[in-house]
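Colleague: I am new to this one. Could you take me through it in short steps?

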Amino acid sequence: MIVRQLQDDGFPHAAAVVEHATKVVADLELPRNQLLEVVSEHLRMDRVVDASTGLTVVVDGSAKIAAEARRARRMDESEDGFGKEAEDEDGDDDDDMLDDNDDLTGDGKARRKRPTFPKYTTRFVAAHKGPCRTAAFHPDGQIIATGSSDTTIKVIDVEKAYMFQQVKDELRRSNGVLAQEMRPVVKTLYDHAGPVTDLVFHPTSPLLISASSDQTIKFFDYSKQHHKRALKHINVSQPVRSIDMHPSGDFLLAGTNDAVVRLYDTNSFRTFTAPNVNDNHIGSINCIRFSSRGSRFASCSKDGSFKIWDAVTFKCLHTVRQAHHGHSVSTVAFTSDQRYVLTSGKDSIVRLWDCNTGKQVQYYSGCKHHIVRPKAIFDLDESFVISGDEQTNSVIAWDIKTGQTVDRLKGHNKAIAGFAQSPRDKTFVSCSEDYRMRLWSCESIGVK
């Protein structure tokens, strides 16, 4: 109940820490704010029952009451509402758009002043010999991996990257030489025969898993200093576009050039596919991601749709077709509470969807994409959405609720092809066709 209340109050990272420490998984069947209701009873707070929804709510003036009641009514009124075509990008269906009463985080504080986008600066740059296409943070946030079309993978120590410029300045003043152990790029891995398309770290073992258009998925032990080749690998019948690891580390999802979602047992490499072949996409799978709890996963495709799946039964729960008006859908990502899904598409619009109703609740515009498949991520607190703009080769950020552009970060000189957000602080990585990865963070982070 405590873990569920932390999630409802908008503290997903604290909830995850408690889950990991206690081995107690939140019961998703519990009503929202069950712990709050119990405490409220003992405090003799007034309670009422909303006749239209049957929801018992605490009378405290919170905007959350109205938001929850509206969502429940929408679900009751649209039995087959999930999967309808996306509304126009200018928000024609205003009733479904986010407003000041909507609560994205579940903390009942929707009327509070919107957070300010942090002041990000480039803290470190590393270069490949070809376009840098993908990046991933280790779950502890201390290691980054970047992958390139030059077939290589670089492993980067985040703390060393934070301090790199300071160390360089000190050495320049003293005419010193940068020692090998001070270099942020601690290892370069060589074992693919084609471009590296996606990366993910194992949550508990020192393994980095990579996907490639060479039709392989490879497992590297990055803890062994002199090992630059894969420890083991999976041969796939198609070029692999996307992979993701289940939070337990026991299963790996893969999306390829064909329309079939694949699930691998990471111990036996046994392969699973959907029991109902009609659940699959009808085009190449561009991106596939587990939710933070691992009970669901989402996939998106060149066929213009995205799907939400039950990770236990491997059944497709919902499909949104024409999500980007027929354009290819490039990325998909859950919010930490599994209530919303973020997608980006070749229509140059990033969209936020309600997982219960399949309705678009916000969109983010102002960027253009002609070359790369556009990518989008949430920032650490899920207060902002981050993507790239090919017109200016800049990072663009929007307020997640209002959809307003809040900043543009310049540094790359070609299209941005990928992003990764740190799980521990306000730090993210951008990957570009200019061959470089850039580590962005607030100026105070990493300063000692």
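Colleague: Is Asp198 buried or exposed?
Modeller: Buried means under 20% relative accessible area, exposed over 50%, and partly exposed in between, with a 1.4 Å probe and protein chains only. Asp198 has a relative accessible area of 4%. That is under the 20% limit, so Asp198 is buried.

Colleague: What kind of model is this, and how are residues numbered?
Modeller: This is a predicted model, where local features need pLDDT of at least 70, side-chain atom pairs count only at pLDDT 80 or more, and totals for chains, interfaces and linings use all residues. Side-chain values use heavy atoms, leaving out hydrogens and water, and residues are numbered along each chain as its sequence is written, from 1.

Colleague: Which residue forms a salt bridge with Asp198?
Modeller: A salt bridge here is a side-chain nitrogen of Lys or Arg within 4 Å of a carboxyl oxygen of Asp or Glu. For Asp198, the closest N and O atoms of the pair are 3.2 Å apart. The partner counts as partly exposed, at 24% relative accessibility. The partner is Arg289.

Colleague: How many residues apart are Arg289 and Asp198?
Modeller: Strands are DSSP runs (E, at least two residues) and helices are too (H or I, at least four), numbered from the N terminus. Arg289 sits in strand S16 (residues 285-290) and Asp198 in strand S8. The pair links distant parts of the chain, 91 residues apart.

Colleague: In what order do the strands of the open sheet with S8 run?
Modeller: Two strands pair if DSSP finds at least two bridges between them. Four strands form this open sheet, and the pairing is antiparallel. S8 (196-201) and S11 stand at the edges with a single partner strand each, so one side of each is left without a neighbour in the sheet. The order is S8-S9-S10-S11.

Colleague: By how many degrees are neighbouring strands of this sheet turned against each other?
Modeller: Axes are lines fitted to C-alpha atoms, for helices over the stretch in contact, and angles run from 0 to 180 degrees between N-to-C directions. For this sheet, direction is ignored. The average is 20°.

Colleague: Which residue in the turn between S9 and S10 has a positive phi?
Modeller: S9 (residues 207-212) and S10 pair in the antiparallel sense over five bridges. The two strands form a hairpin with three residues between them. One residue in the turn has a positive phi of about 70°: Gln215.

Colleague: Which residue is the bridge partner of Leu208?
Modeller: Look along S10 (residues 216-221). There, Ser210 has Lys218 as its bridge partner. For Leu208 the partner in S10 is Phe220.

Colleague: How many residues of S10 are buried?
Modeller: In a regular strand the side chains alternate between the two faces of the sheet. In S10, Thr216, Lys218 and Phe220 point one way, and Ile217, Phe219 and Asp221 the other way. The strand is mostly covered. The buried count is six of six.

Colleague: Which residue stands opposite Ile217?
Modeller: S10 pairs with S11 (residues 232-235) in the antiparallel sense, over four bridges. Ile217 has its opposite residue in S11. That residue is Ile234.

Colleague: Which residue forms a salt bridge with Asp221?
Modeller: Asp221 is buried, at 13% relative accessible area. In its salt bridge, the closest N and O atoms are 4.0 Å apart. The partner, at 37% relative accessibility, counts as partly exposed. That partner is Lys224.

Colleague: Which helix gives the most to the largest nonpolar core?
Modeller: A nonpolar core is a set of buried Ala, Val, Leu, Ile, Met, Phe, Trp, Tyr and Cys residues joined through side-chain atoms within 4.5 Å. The largest has 18 residues, and those with the most contacts inside it include Phe124, Ile156 and Met437. Elements that give two or more residues include strand S3 (120-127), strand S4 (132-137) and helix H5 (158-174). The top contributor, with four residues, is H5.

Colleague: How many disulfides does the structure hold?
Modeller: A disulfide is a pair of cysteine sulfur atoms within 2.5 Å. Cys431 is buried, at 0% relative accessibility. Its nearest cysteine sulfur, that of Cys132, is 3.7 Å away, and Cys431 is in no disulfide. The structure's count is zero.
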